[in-house]
Amino acid sequence: MADGHTPSCSKNTPGSSHLPGHKGNRNPTRNPHCYNRKDKMALVSTQNMSPLPAIKTQVRLFNTLSGQVDELVPSDGKELRMYACGPTVYDYGHIGNFRTFLQIDVLRRFLRLSGVNVRHVMNITDVDDKIIRNASVAGIPISEYTPQYVNAFFEDLDALGVERPEIIARATENIDRMVELIQKLERAGAAYRTEDGSWYFRLKAFPEYGKLSKKDLSGMEDGARVDVDEYEKDSARDFALWKAAKPGETSWDTAIGRGRPGWHIECSAMSMRFLGDSFDLHAGGEDLMFPHHENEIAQSESVTHQPLARHWMHVRFLLVEGRKMSKSEGNFYTLRDLLLKGYKASAIRLALISVPYRHQLNFTFDGLTEATAAIDRLRTFNERLTRGAFSAGENAEIQAAAKKAHEEYFAVLANDLNTAEARAPIFDLLRLSNTAMDVGKFYQEDREAVQAVLASFDAVFAVFEDRDTEATRMAVEWAEREGRMAQVAPEVLAQQSLTDDAINALLAERDQAKRRRDFARADQIRKQLTEKGIIIEDSKDGVRWKRK
Ligand SMILES: [Zn+2]
């Protein structure tokens, strides 16, 4: 790659990014001044679990370009270089967007679990048609308009447990690379300038156009142009690489004139900058296949004459309650909407990843409730496994079941990331272990074997660690700042009104009351906590509580 090093916060490499300041955040570590940190939450989060066993697995993934399931391997034998189209920061992300980011997170986590090093680049489109339109409606420059949505995007990723890519590249910090690429395209006869100072890609110069989306684009009119970034197949014609400055719009003064980049050139320039001319995998939502990815291929390959990416992954759209998600249908949800309604971030994560990426997911509130229950069972089981006192020894049946579950889990994920089938062996093992524990036939070595399986599960699914209260608090604080408190469900407000310390203090008081046989007060405290959505469990080991 061109730079020869990975940008990092300390080096402050131009072109990769540093966060704008984030005032009023009570937890600055969640919003560092650099995107490219290794998020501590990104590491395997399951506490008290054995180290992950090294299972080397050959990952196979559907490749849109070849039309079949292909092996996914680093072409340099060392590091899988992947690029995933990031957000356009003109609004808050909706659950359809996050399904894509989560499925890509599943891929990178599973690759790493399988022993593959990953170099993952994600862009942030912080200049495009929609941003310019919205900023101009708000009457502010785009540099003032986008930071709130950049911050919100990363807060949402954190809430959902999505790992940070190794490199995050902002379009506005890579303008020079885009200009260089357009100059190369001109020299290759694939770009031309129009009278107003805009630049277009000449489709006729790239006969392979359409090879990714397999669209029949014959009959296109030579020289006809489209200047918006998003369009349908019928509008496929010469597309804008560079848009001449218009009064009141953000623009850059460059060697090819004053203007701003088209959306498609952004990804071509940034992917090649950080991953080289030809890399292993390019990923994104299915809506990006045409024209965005098709245009990226045309722009890059017209200059390099090599495949931009060997493997292309596309994540399918979701439906909400059986219908296409849309504002007019009233079934359009951002992550924040769901958190404020009282759904847990972990349940949203699980619901969005439990259907394999190539299948259409029907996102439903019943499904969210099911995911909440599944996580509850997993966490309760993990607690029992961790805290339980087991005798030395092993149960051969559990040992065999753990080994089988582990192998099955790896096998189904390695086969085109079948996340739906990956859950089954884990829950089977959970049931079998619970039964063995109930009858005293679960031993110390069984614990280790089962913990190793759970650790592998959580390395990809990442739902054991309970960060849900924190995620909901983030959303409530945001609602407060934005004057959206009417959106917050009453039970969410009630739960958030009690801090962990306050709950522990009340439980200590309840314990005291019981000791002095003041059962009325003890019951009163239990009632008070229950009303605020705190579930209390008395056991012989003491009192435990959790938020509903
Ligand atoms: Zn892109």
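Which residues of the largest nonpolar core touch the most other members? They are M313, F363 and Y409, in a core of 151 residues. The model is a predicted one. The points below cover this core, a three-stranded sheet, a zinc site and the surroundings of S213.

**Nonpolar cores**
- Helix 1 (residues 95-113) supplies the largest share of the 151-residue core, with 10 residues.
- A separate core of 8 residues lies apart from the largest one, and its members include I503, L506, L507 and I525.
- In soluble globular proteins, nonpolar side chains tend to be buried together.
- Leaving out residues up to four places away in sequence, M313 touches L61, T64, Q103, I104, L107, L281, H282, A283, G284, Y357 and L417.

**Sheet and helix 1**
- An open sheet is built from 3 strands in the order 15-14-16, with mixed pairing.
- Strand 15 (323-324) and strand 16 (361-363) are its edge strands, each pairing on one side only.
- Strand 14 (residues 318-320) runs parallel to strand 16, and 3 bridges join the two.
- V320 stands opposite F363 of strand 16; F363 is also one of the residues that touch the most other members of the largest core.
- Helix 1 lies across strand 14 and strand 16, and runs at about 145 degrees to strand 14.

**Zinc site**
- The zinc ion has C85 (SG), C267 (SG) and H292 (NE2) as its protein donors, at 2.1 to 2.2 Å.
- The spacing of these donor residues in sequence is C-x181-C-x24-H.
- C267 belongs to helix 6 (residues 263-275) and H292 to helix 7 (residues 289-304), so this pair ties together parts that lie 25 residues apart in sequence.
- C267 counts as buried because its relative accessibility is 0%, under the 20% cut-off.
- H292 counts as buried as well, with a relative accessibility of 0%.

**Surroundings of S213**
- S213 sits in the loop between strand 7 (199-201) and strand 8 (225-226).
- With a relative accessible area of 13%, S213 is buried.
- The side chains of S213 and E294 are joined by a polar contact of 2.4 Å.
- Neighbours within four places in sequence aside, S213 is in contact with M289, F290 and E294.
- Helix 7, which holds the zinc donor H292, spans residues 289-304, and M289, F290 and E294 are the contacts of S213.

Methods:
Residues are numbered from 1 along each chain as its sequence is written. This is a predicted model: local features need pLDDT of at least 70, side-chain atom pairs count only at pLDDT 80 or more; totals for chains, interfaces and linings use all residues. Side-chain values use heavy atoms; hydrogens and water are left out. Helices (H or I, at least four residues) and strands (E, at least two) are DSSP runs, numbered from the N terminus. Buried means under 20% relative accessible area, exposed over 50%, partly exposed in between (1.4 Å probe, protein chains only). A polar contact is a pair of N or O atoms within 3.5 Å; within protein, one must be able to donate a hydrogen and the other to accept it, and residues adjacent in sequence count only if both atoms are side-chain atoms. Contact means heavy atoms within 4.5 Å. A nonpolar core is a set of buried Ala, Val, Leu, Ile, Met, Phe, Trp, Tyr and Cys residues joined through side-chain atoms within 4.5 Å. Donors are N, O and S atoms within 2.8 Å of the metal (3.2 Å for Na, K and Ca); water is not among the atoms, so sites may look incomplete. Two strands pair if DSSP finds at least two bridges between them. Axes are lines fitted to C-alpha atoms, for helices over the stretch in contact, and angles run from 0 to 180 degrees between N-to-C directions.
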